[in-house]
Every structure is written in structure tokens, then in C-alpha cells.
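Subject: Handover of a two-chain model

Dear colleague,

I am passing on the structure below and would be grateful if you could read it alongside the notes that follow.

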Amino acid sequence: MINKKLFAIIIVSFLFLVIPLAYAPWFDLFESDCSNSIDDDFDGDTDCADSDCSGQIKGYVNDESLQEIEGARIRVLDASLNPVQVHYSNQSGLYASSILCGTYTVVTDFQDKIPLTEENVVVSPLGTMINNATLYAGNVCQDDCTLTGNNIIEAACQGINGCSFYDSTSAAVCDNAQPGWIKDYNATHFLQCAEGIPQNKTQVASAVSCSEENLIKVTKVVSYQGKLVKLVVVTCG
Amino acid sequence: MALLTSDRAIMILLAISVFVLLKTFLTIGEDKLQHDAVLLAERLTNISNAGSIAGYNGINIEKMKELRSHEYLELKERYGVTSDFCIFIEDDKGEVLRLDGFGVGIGSDKIAINGEPCD
């Protein structure tokens with residue numbers, strides 16, 4: 001008899017208390033196991049997809065002299081390298097955030113320092129992943145064959161990050177020049193640094209004539225595309 | 001005889017006057033050309049001038065293109081010169097540098113460089 005009563009109480013409790021609570025939008029039971037592939041709290045999210053299983057990612061960003069870097073950007077990317085979160089370090093170089101548990105790639109960068117990429121950063125359920133980053137100053141080749149932080153072409157950048165000189169002569173000619181400068185490729189050709197194709201020199205000897213009686217020629221030495229040239233002004237009348 | 005001498009003197013004086021006048025006009029014309037050439041060169045290369053084609057790294061190709069986009073008469077007005085002019089660039093060997101999309105120079109077709117009109 002008692003057992004029947006107890007059974008009835010349990011059934012009634014289940015029907016009127018547990019089930020409504022579980023499905024109530026304002027009441028989310030806890031995902032009790034974050035690795036059993038079961039949606040324990042019936043909220044539609046299973047295991048690491050459930051924020052109940054979120055962990056924390058945090059870390060300090062500093063430079064090679066261990067000085068904290070404020071304003072460093074920390075991008076957290078998912079397995080498809082899509083950005084999930086973006087953070088900026090504070091005055092102490094610290095960043096911290098709650099994040100769904102899982103495996104991420106973390107990219108940290110700041111101004112002209114060499115960006116740091118860390119793959120397979122695992123945030124465990126309810127765990128804290130400490131991901132410190134040290135950024136080093138350095139020059140990285142860019143696609144226009146210059147280094148980060150300056151506008152000088154480096155022949156050594158050939159083949160790096162999209163930098164592609166026409167050939168080794170072009171690389172040698174444009175070494176230490178600036179993008180856009182016109183340099184002599186050889187006696188008959190010139191090229192526009194850094195990645196231009198050598199072209200025939202189409203130069204005409206300057207023999208100036210005037211349809212009227214008098215002609216005055218004034219020249220000024222100026223810099224053009226990295227070379228000293230003469231700007232010539234001729235008046236005629 | 002005296003009359004003949006007087007006529008001769010007047011003729012000589014007249015010739016001298018004509019010569020002096022001609023010379024004066026010619027000199028004024030040359031001075032004007034010189035003045036305009038110097039003024040134009042200065043205005044083109046002085047960075048603080050609105051019509052300058054120079055930047056802090058030398059001649060600016062974008063400014064050259066902008067210059068090229070104007071009518072010749074507009075340019076004369078812009079730089080305050082009345083003489084016909086031609087602007088071009090020579091390299092260190094004295095050869096004309098042709099810029100991409102440009103003719104031999106920018107200016108009047110009354111001036112030719114190696115037989116090619118400067119326009």
C-alpha cells in the first residue's frame with residue numbers, strides 16, 4: 001500500500017515538476033556530462049555545444065623583453081579557421097574570456113610584431129586554458145617584396161608571402177629600392193620595382209625646337225622614381 | 001653738301017633708333033620667356049605650391065597625371081604664364097623620359113622635342 005502511494009507521488013512529481021521544469025525556457029538544467037553525446041538538460045545543445053560546458057581561455061601577451069603588450073589582438077578561430085572570438089589585451093597584457101569547450105587556433109598579433117599562431121589549443125569542459133603569447137619584433141616579407149615596418153624592397157623576400165621578382169637580375173636591381181621605382185634592368189631594358197617585367201627603353205634624345213624665334217630652356221634637378229632627373233621647362237615666343 | 005651730310009646723319013640716327021627699339025623689344029621678349037620659364041619651374045617644383053608636381057619623395061606621378069588632365073590654356077592660367085611652354089623630364093644622359101600614358105611632354109604643340117610636338 002505504501003509502495004503504491006510512494007510510486008504515485010513519484011509519478012505525480014515527475015509529471016508536474018520535473019518535466020515542466022526541464023522544458024521551461026527560463027530553467028535550464030545543467031549538462032551533467034560534457035562528453036556523453038547526450039543532451040542531458042534537454043536544451044538542444046549537446047556536450048561542448050552547450051554553454052554549460054564552457055571553459056575559459058586566458059593568457060598574457062608580452063614582447064621579447066617580457067613587457068606587457070596592451071592592445072594586442074587575439075583571434076580565436078574554429079576548426080574551419082572561422083573567427084569565433086576576437087579579444088584585445090588590456091594594460092597588463094591580459095585577455096580572458098569564456099568559450100565553448102573545444103579545439104581552437106589562436107592567432108595573436110600586434111602592430112609590426114611577428115604574428116603568433118598556435119594551433120590545437122584545447123579548452124576542456126569547465127576548464128581554463130592558459131595561452132600566453134610572446135610576440136617578437138621582426139621584419140616579415142610582404143607581397144610587394146618589402147619588409148613590414150618599412151618600404152624597402154628586399155631581394156631575399158623572393159618567393160615569400162607572394163613576393164615574386166621577374167628573375168634574379170630583377171631582384172638584384174630592385175634590392176633596397178622602393179616599390180614603384182624605375183631601375184635599369186640592363187643597357188636596353190628598364191623595370192618598375194619590385195615585380196615589374198623588364199621593358200624596352202623608349203627614350204628619345206632631347207632636341208628641342210620652337211616654331212617661333214626664341215626659346216628658353218630652364219632645368220631643375222629633381223628626384224623621380226628613385227633617380228635624379230632633370231625637370232625641363234621650355235618657353236617659346 | 002651740308003644738306004647731304006645732314007640727311008645722312010638723320011638716316012644714320014634713324015637706323016640706330018630702329019635698331020635700339022628692335023633690340024629693346026627683343027630683349028623684353030626674351031626676358032619674358034626667361035621669367036616665365038623660371039616661374040613655371042619654381043611653381044612646379046615648390047612643394048608648398050598648389051600646382052606643384054613634387055612631393056617629399058620627388059616628382060609625384062599622380063600629380064603629373066593630374067597636370068596632364070588639364071587643357072593647355074588652363075595650365076597657362078593656373079601657373080600665371082603667358083609664354084608657350086613645354087614641360088618634360090630628362091634622365092642623366094639627357095634623354096627624354098617618357099612616362100606611361102604620356103606624350104613626350106606636357107605643353108604647347110609649338111614646341112617640339114626631336115620633331116615630336118609637346119602636347
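Please keep in mind that this is a predicted model, and that the notes begin with a pairing between the two chains and work outwards from there. Strand E15 of chain A and strand E3 of chain B, the latter covering residues 84–90, pair in the antiparallel sense over seven bridges. One residue pair that may help you to find the place is Cys236(A), whose bridge partner in E3(B) is Asp84(B).

Within its own chain, E15(A) also pairs with E14(A), again in the antiparallel sense, and here over ten bridges. Thr219(A) stands opposite Val232(A) of E15(A). The hairpin that these two strands make has two residues between them, and in it Gln225(A) takes a positive phi near 50°. As background for that angle, most residues other than glycine have a negative phi.

The contact between the chains takes in 28 residues from chain A and 37 residues from chain B. On the chain A side, at least two residues each are supplied by E12 (204–205), E13 (208–210), E14 (215–224) and E15 (227–236), and the strand that gives the most is E15(A), with nine residues. Sorted by class, the side of chain A that touches chain B has 16 nonpolar, nine polar and three charged residues.

A second place where strands of both chains come together is an open sheet of three strands, in the order E13(A)-E6(B)-E7(B), with antiparallel pairing. E13 of chain A and E7 (116–117) of chain B stand at the edges of this sheet, each with a single partner strand, so one side of each is left without a neighbour in the sheet. The link between the chains here consists of three bridges, which join E13(A) to E6(B), residues 111–113, in antiparallel fashion; in E6(B), Ile113(B) is the bridge partner of Val208(A).

Between E13 and E14 of chain A there is a loop in which Asn214(A) is found. Asn214(A) counts as partly exposed because it has 15 C-beta neighbours inside 10 Å. Although Asn214(A) and Cys236(A) are 22 residues apart along the chain, their C-alpha atoms are separated by 5.7 Å.

Which residues have the most contacts inside the largest nonpolar core? They are Val233(A), Val234(A), Leu40(B) and Phe88(B), in a core of 35 residues. E14 and E15 of chain A, together with helix H1 (2–45), E3 and E6 of chain B, each supply at least two residues of this core, and its largest share, six residues, comes from E15(A). Leaving aside residues up to four places away in sequence, Leu40(B) touches Val233(A), Tyr79(B), Val81(B) and Phe85(B). Apart from this core lies another, of 20 residues, among them Cys34(A), Val123(A), Ala133(A) and Leu135(A). By way of context, nonpolar side chains tend to be buried together in soluble globular proteins.

Turning to chain A as a whole, two helices and 15 strands are assigned to it, and 29% of its 237 residues count as buried. Of the contacts in chain A with a separation of 6 or more, 40% are accounted for by residues 24 or more positions apart.

Finally, there are some backbone details in chain A that you may wish to look at yourself. The peptide bond from Cys193(A) to Ala194(A) is cis, with omega near 5°, and Ala194(A) lies in the loop between E10 (189–192) and E11 (199–200) of chain A. Two asparagines have a positive phi: for Asn161(A), phi is near 50°, while for Asn176(A) it is about 70°. Asn161(A) is found in the loop between E8 (133–135) and H2 (168–174) of chain A, and it counts as exposed because it has 12 C-beta neighbours inside 10 Å. Asn176(A), in turn, has its place in the loop between H2 and E9 (182–184) of chain A, and this residue is exposed, with 11 other C-beta atoms within 10 Å.

With best regards

Terms used:
Residues are numbered from 1 along each chain as its sequence is written. Chains are lettered from A and ligands numbered from 1 in the order in which they are written. This is a predicted model: local features need pLDDT of at least 70, side-chain atom pairs count only at pLDDT 80 or more; totals for chains, interfaces and linings use all residues. Two residues are in contact if their C-beta atoms, placed from the backbone, lie within 7 Å. Helices (H or I, at least four residues) and strands (E, at least two) are DSSP runs, numbered from the N terminus. Ala, Val, Leu, Ile, Met, Phe, Trp, Tyr, Cys and Pro count as nonpolar, Asp, Glu, Lys and Arg as charged, and the others, Gly among them, as polar. Two strands pair if DSSP finds at least two bridges between them. A nonpolar core is a set of buried Ala, Val, Leu, Ile, Met, Phe, Trp, Tyr and Cys residues joined through C-beta atoms within 7 Å.
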